[in-house]
Structures are given as C-alpha cells and as structure tokens.
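This briefing walks through the structure shown below, taking the domains, the barrel and some backbone details in turn. Please keep the sequence and the model open while reading.

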Amino acid sequence: MQVKAAVFYRPHEPLAVQELELEGPRAGEVLVRIAACGVCHSDLHFIDGLVPIASPSVLGHEAAGVVEAVGAGVASVQPGDHVVLSFIPSCGRCQYCVVGRPNLCTIGNRAMSRGTMLDGTPRFAREGRPVYQMGSIGGFASYTVVPEAGCVKIREDMPLDRAALLGCGVMTGVGAVINTARVQAGSDVAVVGCGGVGLNVVQGAALAGAGRIIAIDVLAHKLELARQFGATHTVDASREDPVEAVRRISPGGVDYAFEVIGRPETVRQAFDMARRGGLTVVVGVPPAGAEVSLPAGAFLTEKTITGSAYGGARMPVDVPRLVELYMSGRLKLDELISRVYPLEGINDAFDALRRGEVARSIVTPL
Ligand SMILES: [Zn+2]
Ligand SMILES: [Zn+2]
C-alpha cells in the first residue's frame, strides 16, 4: 500500500514528507494505522548528526495506533485493537528476556538499531529501495508494520494521542525511577534536565513518594513545568552552581540523582549531587563516542552509577499499568503535550524541540 511518511536522508537536512510503499505484514508482524507519534530528542539526535542511523529511515518511535491487519501466527493482537508500540521488540527467549530484563533483549535491540523487523529487513520502500524504520517502528507515517512483540494492547477508552507518549518518554522517565532506581518513599531525588523525559522522571519520583524532588534546568518555563509534575524544589543552573544548590537543599546530597540530558558534564554533576551510598542513574542519550570522568575516591563511599535503558521497560506489564495510572488521574499526560502538528509540520516540530520550547509535541499523520 501507499503511505505518507517523514523520511530522514542525511543529517542537517529537513525530513522529506513523501509517499512510500509499505509491504503488508509478514508472519509474526502487524500492520498499524498510526494515530499519533511523539517528537523525541532521540529523533533529533539523528537529524543533528550526533548519533548515526541507517539511511534512508522513517523516524518516530513513540507511537500508538490501531491494528489494521496481522500476519500469520500473530496471536496477541487482532484488527481493531488499540496498541502502544515498543521500540525494543523483545524476543522472550534470549538470556536477557529469560532473566526478566527484556529491555536488554539481544534480538530486539539488534532490530531496533538496524531499523528493521526481526528478520533484518524493513517494510517501507521507495522506488524499490529499502527505507528503514527507526526503532523497528517508523512512527512518522500514516501506517507502519511492526513485529508482534513491538505491540502492546491497551484499553480502548485510553486516548491514543496520550497513549503514544507511553511508548518512549513516559516509559523511559517513570521507568528509570520505578524499575531502575526503585526509589523509596521519603528519599530525596535530583533530576538534571526537565525535557519530555526529565519531567517524567520528576513525576515518577512523585508517584514513588519521594521526599524532596529537586528539578534542575536552565530554562525557567521548564522549571515551572517541573513544579506541575511534582518537583518540590527547582534550581536554575544558568544562575547558580547546581551541585552546590542541591547539596544545600538536601544536606550531604540526594539519595538518587538522575541525569536526563546525555552530556558528560551533567553526568558528572548528577554524580556529585548524590550523597554517600547514593545512586546516580544516567537516562540521557550521549553523543556517539562521549566519555565521562568521575572522581574514583567517591567509590570508597559506596556511591553507585548505572544506566537506564528504556526505563527498564517490561512493556506488556508497564504500559497497561501506566494507562491505569492515567485513567485514574494519577499520571499526567495531557500536560506533556505542548503542540500537535500534521505530518507536513514535522520539521517545525523539530525546530521547536531544538529551541527548548516544548515538553512534547505530537504528530498526527492522518
Ligand atoms: Zn524517544
Ligand atoms: Zn530477548
């Protein structure tokens, strides 16, 4: 079938909105009509040339939609089902899946980084040449085909534009708090960077019952948003030293420090904000080749540092939980959506993201 999609060809160029051929779902695959796809910093990293990606690619990996057709053997969804898409289609059988860490799945991560289905090929093409699918999704398109393992069925009264945000930003942020750090009630938390994911770290900390939640950014309107999402304190890092400020607010440092930007300097800041025995969680995506230096003496105080990939997601469990939290009024999603763009406006959406104007924009392709 013919579909409309936003295609990445090379860094520092606008995405091209054009018609592509979409092959129907093969065995174990699902055709999805995209209702909405969030505009995420990871997409921007490719456009800005910070992280390499297969070219050409349909970007977009934070999407939800409706199942239109299924390939042979698909059992978990059927036409008409509403689904959130996962950019790590976990196989369920590799060593990581078996031990309960499906976000590290060997096969799902390989497909994600190649931008293909599990068999190593994409379903989009233009003039007979393959067009890859970011995160095995390619959500900036009117329709896409994804692996069955990349679909999570949700209840039908959940608004699909809100549900889309669960596919990356919300899962990554809330999951880093609940799954990766397992923040304890009453503990102190610092969050460095209050973009779409950082705000979800803030609200994850609030959901976990953290005591002080200190949000750090250089933009006043993001700090204001962080307050709405549950921050008890804010620090404007353009005006004062954020490490000193955090250690003043939470004497000795915080129990958990989250870095949600992906820069070596801010990883170091987050590490220095954590107290003795404290945990630093790096959520931000660093540019390719970046290295971080840390004071080795700090390890004598049992400080630890870890990464968090996709918020430690176990999508079939976590997505329905997040849906229930939203439907019962305890998870903020409406407040995250700053703007809605048609597919043709996608480059404007990325410009707004680059300028720091939005928490999240969503694209509605049809
Ligand atoms: Zn993302
Ligand atoms: Zn696996």
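In which loop is proline 56 found? Proline 56 is found in the loop that runs between helix H1, residues 41-47, and strand S4, residues 57-58. This is a predicted model, and the points below describe its division into two domains, the barrel that five of its strands form, and two backbone features in loops.

**Domains and their interface**

- The protein is divided into domain 1, which is made up of residues 2-167 together with 333-364, and domain 2, which covers residues 173-309.
- The C-alpha centres of domain 1 and domain 2 are 28 Å apart, and where the domains meet, 14 residues of domain 1 are in contact with 15 residues of domain 2.
- About 1000 Å² of area is buried between domain 1 and domain 2, and carbon and sulfur atoms give 61% of that area.
- On the side of domain 1 that touches domain 2, the residues by class are seven nonpolar, four polar and three charged.
- Between domain 1 and domain 2 there are four residue pairs in polar contact, counted with both residues at pLDDT 80 or more, whereas the count of salt bridges between the two domains is zero.

**The barrel**

- Five strands close into a barrel, following the order S1-S2-S7-S8-S4, and the pairing within this barrel is mixed.
- Strands of a sheet pair through backbone hydrogen bonds, and they may do so in either a parallel or an antiparallel sense.
- Strand S1, residues 2-8, pairs with strand S2, residues 16-22, in the antiparallel sense over six bridges, and valine 7 stands opposite alanine 16 in S2.

**Backbone features in loops**

- The peptide bond that leads from serine 55 to proline 56 is cis, with an omega near -10°, and proline 56 belongs to the loop between H1 and S4.
- Glutamate 302 has a phi near 60°, which is a positive value in a residue other than glycine.
- Glutamate 302 is found in the loop between strand S15, residues 274-282, and strand S16, residues 304-307.

Methods
Residues numbered from 1 in each chain as written. Chains lettered and ligands numbered in written order. Predicted model: local features only at pLDDT ≥ 70, side-chain atom pairs only at ≥ 80, totals over all residues. Heavy atoms only, no water. Domains from an automatic or database assignment. Contact = heavy atoms within 4.5 Å. Buried area = accessible area lost by both parts, 1.4 Å probe. Salt bridge = Lys/Arg side-chain N within 4 Å of Asp/Glu carboxyl O. Polar contact = N/O pair within 3.5 Å; in protein donor to acceptor, adjacent residues only side chain to side chain. Nonpolar A, V, L, I, M, F, W, Y, C, P; charged D, E, K, R; others polar. Pairing = 2+ DSSP bridges. Helix = DSSP H or I, 4+ residues; strand = E, 2+ residues; numbered from the N terminus.
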